[in-house]
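Q: I am new to this structure and would like a close look at a single part of it. Please take one charged residue as the starting point and then work outwards through its surroundings in one connected answer.

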Amino acid sequence: MAEGNRDKLHIRLHVYDTDLNITIQRDEEVYYRNAAKLITDTVNTYASLFKGKRTDKDILYMALIHIALRYEKESNRNDTAPYSDILNKLTSEIEDALKN
């Protein structure tokens, strides 16, 4: 077995109405399974609300937007750049004060 393939794992994921066979890093399995569950649950929610009223493609895109929106909000919530900027400014001011 090649060195790079030792940590690989072949799994089958059920995502909404599709089974996918994929090869992943062994330590990421839980993330893939949780992601598949999130997608399935989100699509099921939208399907229960809009089945027969919207196309399957529309329902999938609505679920995709919902998940992407959650991701974007979480990314922005965890943005530490403003805090780093403030800390850098304060550090500079403290260092300048200590020099005097």
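A: Asp-41 counts as partly exposed, because its relative accessibility of 35% falls between the limits of under 20% for buried and over 50% for exposed. The model in which this value was computed is a predicted one. Asp-41 forms a salt bridge with Lys-37, and the closest N and O atoms of the two are 2.7 Å apart. Both Asp-41 and Lys-37 belong to helix H1, where they stand 4 residues apart, about one turn of the helix. Side chains of opposite charge can pair when their charged atoms come close.

The residue just before Asp-41 in the numbering, Thr-40, also has its place in helix H1, which covers residues 29-50. Thr-40 is buried, because its relative accessible area of 13% is under the limit of 20%. The side chain of Thr-40 reaches the backbone oxygen of Ala-36 at a distance of 2.9 Å. When its neighbours within four places in sequence are left aside, Thr-40 is in contact with His-14, Val-15 and Tyr-16.

Further along helix H1 come two aromatic residues, Tyr-46 and Phe-50, which are 4 residues apart and thus separated by about one helical turn. The count of aromatic pairs comes to 1, and in it the rings of Tyr-46 and Phe-50 have their centres 6.2 Å apart and their planes at 15°, so the pair is stacked. Tyr-46 is buried, with a relative accessible area of 19%, whereas Phe-50 is partly exposed, with a relative accessible area of 26%.

The link between Asp-41 and Lys-37 can be set beside other charged pairs, as the count of salt bridges comes to 4. Among them is the one between Asp-56 and Lys-51, whose closest N and O atoms are 2.7 Å apart. Asp-56 counts as partly exposed at 48% relative accessibility, and Lys-51 counts as partly exposed at 47%. Another salt bridge joins the side chains of Asp-58 and Arg-54, with 3.5 Å from N to O. Here Asp-58 counts as partly exposed at 28% relative accessibility, and Arg-54 is partly exposed too, with a relative accessible area of 40%.

How values were computed. Residues are numbered from 1 along each chain as its sequence is written. This is a predicted model: local features need pLDDT of at least 70, side-chain atom pairs count only at pLDDT 80 or more; totals for chains, interfaces and linings use all residues. Side-chain values use heavy atoms; hydrogens and water are left out. Buried means under 20% relative accessible area, exposed over 50%, partly exposed in between (1.4 Å probe, protein chains only). A polar contact is a pair of N or O atoms within 3.5 Å; within protein, one must be able to donate a hydrogen and the other to accept it, and residues adjacent in sequence count only if both atoms are side-chain atoms. Contact means heavy atoms within 4.5 Å. Rings of Phe, Tyr and Trp (its six-membered ring) pair if their centres lie within 6.5 Å; planes under 30 degrees apart count as stacked, over 60 as edge-to-face and the rest as tilted.
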